[in-house]
Amino acid sequence: MNEEKNLSIKEALKLQLRAMKLIHSLDRSLFPIIGLANIFSSVTPFILIWFSARILNELAGKRNPDTIWRWVILTVVITGMISLLSYGLQRLEEYHRKKVRADREIPFMNKMFDMDYCDMADDKTNALRAQIRQSENWGGYGIFYSISTFESVIKSITGIISAVTLTASLFTAKVPESSERYVILNNPLFIALFLGLMLLLAFISGRLFGYVGKLKALQADGARMGNRIFGRFGFFGIFGVNSDVDTRIYKQNRIAKEYMLAYRHEGYGLWGPFIKMTRGKGGIAYATAGSLSNIFTGVVYTFTCLKALGGAFGVGLITQYVGAATTLSGNLTDLFKTISDIKTNGNFLRTCFEFLDIPNSMYQGSLTTEKRNDRKYEVEFKNVSFKYPGTDTWALRNVSMKFNVGNRVAVVGENGSGKTTFIKLLCRLYDPQEGEILLNGINIKKYNYRDYMDIFSIVFQDFQLLSQPLGNNVTGCLDYDKDRVINALTDAGFENRLNELPDGLNTLLYRDFDDNGVNISGGEAQKIAIARALYKDAPFLILDEPTAALDPIAEAEIYSQLNQIVDDRTAVYISHRLSSCRFCDEILVFDHGSIVETGSHEELVNHVNGKYNALWNAQAQYYA
């Protein structure tokens with residue numbers, strides 16, 4: 001998996017900066033506020049250490065009350081002001097963090113909307129998006145993890161600078177020559193040895209902590225699978241009316257429980273690898289890192305106390321030096337750990353940007369589709385062949401036909417014969433591998449994609465209605481012509497139901513966001529989808545199984561109305577119910593990806609050995 005690939009620190013930093021740039025585009029105030037908040041919060045302890053040392057020095061020395069009170073008042077006032085400012089910045093930071101968190105899906109949503117449909121519908125694309133989401137859910141890894149690493153870097157660097165400022169005099173302060181036993185502490189080699197030991201321990205400790213983080217990241221595959229299984233079976237039968245029905249009738253809760261237990265017992269869940277990591281390499285590394293920090297604290301105490309004992313500085317400064325030097329070591333450790341975290345997260349960032357960088361391979365034309373009031377748009381397929389990505393089977397093969405302007409065309413055939421694929425190519429959701437599709441004699445690839453899409457009103461089998469008001473569902477926008485919406489709903493056979501709705505066009509569909517929402521049946525949803533297509537009023541009206549959820553009477557009413565509504569538009573109907581094809585001017589019969597017959601209903605039904613005749617007789621026996 002991507003998380004296991006080697007990644008240089010240079011590449012990881014480039015990915016980190018790119019992630020920060022993306023987050024900055026969502027909220028330009030977040031990183032400046034995080035920077036300021038962490039600078040103040042990191043500096044505050046050092047200011048307190050510095051003032052405390054002055055107070056202790058005075059108490060151990062002259063003990064002048066005025067001086068002591070002056071230091072105490074300055075300590076309270078300055079630390080209070082900085083703490084108050086720091087607290088305000090933290091609250092502001094919290095607000096902007098929540099704002100970014102609420103908007104974190106926007107880059108991925110924009111990418112999905114901008115992506116070619118053929119790529120968006122690809123299983124690999126959806127698996128990649130799911131992987132990104134699951135990595136964020138279980139470990140926080142990905143683009144927004146860079147906020148934490150940025151915060152850690154600012155905090156560590158500020159702490160290091162502050163600590164160096166306060167500890168510099170620890171190494172420059174000289175032990176008097178009279179303290180013969182401790183004069184060796186003035187030796188530059190001794191000081192260099194101490195500094196080298198501090199850096200070495202901090203480096204090793206930081207790398208060990210980073211190693212633990214890397215071990216955790218290597219569990220990504222198992223953790224993501226754990227999330228998927230728990231998300232599917234942990235809440236099985238709790239959410240969703242559709243799943244509740246089967247769960248109760250067939251007692252599917254039992255098998256869901258078995259899947260959960262099997263996953264846990266096989267060791268792929270959180271009970272397995274993470275516990276093993278904690279008891280094994282991860283636990284040893286973590287304990288060693290913590291021990292090294294404590295060892296360094298002991299070394300600092302020893303060195304500082306010996307210099308104080310030798311007379312290099314007063315007792316009060318011991319507090320300053322010990323506190324600052326210990327914090328310096330901690331911040332160095334955190335900095336080295338953060339560098340490791342940036343490298344670890346870089347692998348997850350690479351996956352994120354692999355998704356965001358998926359190129360749009362479909363040619364984007366520039367020609368403007370002619371706006372014709374007479375709706376005279378002629379579409380022609382010329383030897384078109386197509387197979388879906390990842391398969392060697394032709395979904396369409398050598399399809400040639402021409403739509404006559406203003407005709408009503410029915411497309412029929414068995415499941416998998418290529419009917420829906422034919423429509424997806426017509427709408428340029430996919431491009432054919434062979435042949436071409438022409439609009440008014442010009443290859444549709446040369447037209448501006450959005451302009452070309454505007455000539456189609458389509459209802460697909462898997463249409464989607466939103467949990468939003470009825471009027472917005474029909475129009476796809478906030479502001480709309482209410483009279484046109486009502487006319488479209490009426491033409492689609494939804495008039496009676498519309499009159500029953502409590503708030504008319506403002507009635508919220510479904511109850512995802514409001515308990516007062518209205519749940520509608522599959523047939524009613526289909527009528528709304530048809531109304532959506534009628535409202536758009538495009539030259540081509542395409543209905544893919546538009547009446548599958550309707551009873552025969554409602555279906556007959558819809559087709560009777562549509563026959564009048566279509567007027568001068570070119571209409572294409574895909575249907576399994578051949579009785580609905582009788583009013584069409586032309587019928588295209590598909591079989592195994594090819595058009596095997598064309599003609600009117602009367603012509604085709606009289607072809608005794610034809611495919612249409614076989615399909616018609618297969619259905620007619622149930623109506624005899």
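**Figure 1. Cysteines and the absence of disulfides in the predicted model.** In this predicted model, a search of the whole structure finds zero disulfides. A disulfide is a covalent bond between the sulfur atoms of two cysteines. Two cysteines may be inspected here with respect to their surroundings: Cys305 is partly exposed, with a relative accessible area of 34%, whereas Cys352 is buried, its relative accessible area being 3%.

**Figure 2. An edge-to-face phenylalanine pair between helices α2 and α7.** Across the whole structure, a search finds 18 aromatic pairs. One of them is formed by Phe31 and Phe150, whose rings are arranged edge-to-face, with 4.9 Å from centre to centre and 75 degrees between the planes. Because Phe31 lies in helix α2 (residues 30–60) and Phe150 in helix α7 (residues 145–172), this pair ties together parts that are 119 residues apart in sequence. Phe31 counts as buried, at 8% relative accessibility, and Phe150 likewise counts as buried, at 16% relative accessibility.

**Figure 3. An edge-to-face phenylalanine pair between helices α8 and α14.** The ring centres of Phe203 and Phe336 are 5.1 Å apart and the ring planes stand at 85 degrees, so this pair, too, is edge-to-face. Phe203 belongs to helix α8 (residues 188–217) and Phe336 to helix α14 (residues 316–356), and the pair therefore ties together parts that are 133 residues apart in sequence. With 36% relative accessibility, Phe203 counts as partly exposed.

**Figure 4. A cluster of aromatic residues.** Ring pairs link seven side chains into a cluster, namely Phe381, Phe403, Phe422, Tyr452, Phe456, Phe540 and Phe590.

**Figure 5. A salt bridge between helix α1 and a loop.** A search of the whole structure finds 18 salt bridges. Side chains of opposite charge can pair when their charged atoms come close. In this view the side chains of Arg18 and Asp357 meet in a salt bridge, with 2.6 Å from N to O. Arg18 lies in helix α1 (residues 9–26), while Asp357 lies in the loop between α14 and β1 (379–386), so that the pair ties together parts that are 339 residues apart in sequence. Arg18 counts as partly exposed, at 35% relative accessibility, and Asp357 is also counted as partly exposed, at 41% relative accessibility.

**Figure 6. A salt bridge between helices α3 and α7.** Glu151 forms a salt bridge with Arg97, and the closest N and O atoms of the two are 2.8 Å apart. The pair links distant parts of the chain, with Glu151 in helix α7 and Arg97 in helix α3, 54 residues apart. At 26% relative accessibility, Arg97 counts as partly exposed.

**Figure 7. A buried salt-bridged pair, and a salt-bridge network.** The side chains of Arg428 and Asp431 meet in a salt bridge, with 2.9 Å from N to O. Both partners fall under the 20% limit for burial: Arg428 counts as buried at 0% relative accessibility, and Asp431 counts as buried at 18%. Elsewhere, Arg91, Glu94 and Lys98 are joined into one network by salt bridges that share partners.

**Figure 8. A nonpolar surface patch and a glycine of helix α3.** Trp69, Ile73, Val77 and Met81 form a nonpolar patch on the surface, and together these residues have about 460 Å² of accessible area. Trp69 is placed in helix α3 (residues 65–102) and is exposed, with a relative accessible area of 57%. Gly80 is also found in helix α3 and is partly exposed, with a relative accessible area of 35%. A separation of 85 Å lies between the C-alpha atoms of Gly80 and Arg582, which are 502 residues apart along the chain.

**Figure 9. Helix α13 and the glycine that follows.** Helix α13 (residues 281–309) comprises 29 residues and reaches 42 Å from its first C-alpha to its last, close to the 42 Å expected at 1.5 Å a residue. The buried residues of α13 are Gly282, Ala285, Ala289, Leu292, Phe296, Val300, Phe303, Thr304, Lys307 and Ala308. After α13 comes Gly311, whose phi is positive, near 95 degrees.

Conventions
Residues numbered from 1 in each chain as written. Predicted model: local features only at pLDDT ≥ 70, side-chain atom pairs only at ≥ 80, totals over all residues. Heavy atoms only, no water. Patch = residues over 30% accessible without salt bridge, like charges linked within 9 Å, V, L, I, M, F, W, Y side chains within 5 Å. Areas by Shrake-Rupley, 256 points an atom, 1.4 Å probe, with all protein chains shown as cover. Salt bridge = Lys/Arg side-chain N within 4 Å of Asp/Glu carboxyl O. Helix = DSSP H or I, 4+ residues; strand = E, 2+ residues; numbered from the N terminus. Buried < 20%, exposed > 50% of the residue type's maximum accessible area, 1.4 Å probe, protein only. Expected span 1.5 Å × (residues − 1). Disulfide = S-S within 2.5 Å. Phe/Tyr/Trp six-rings, centres within 6.5 Å; stacked < 30°, edge-to-face > 60°.
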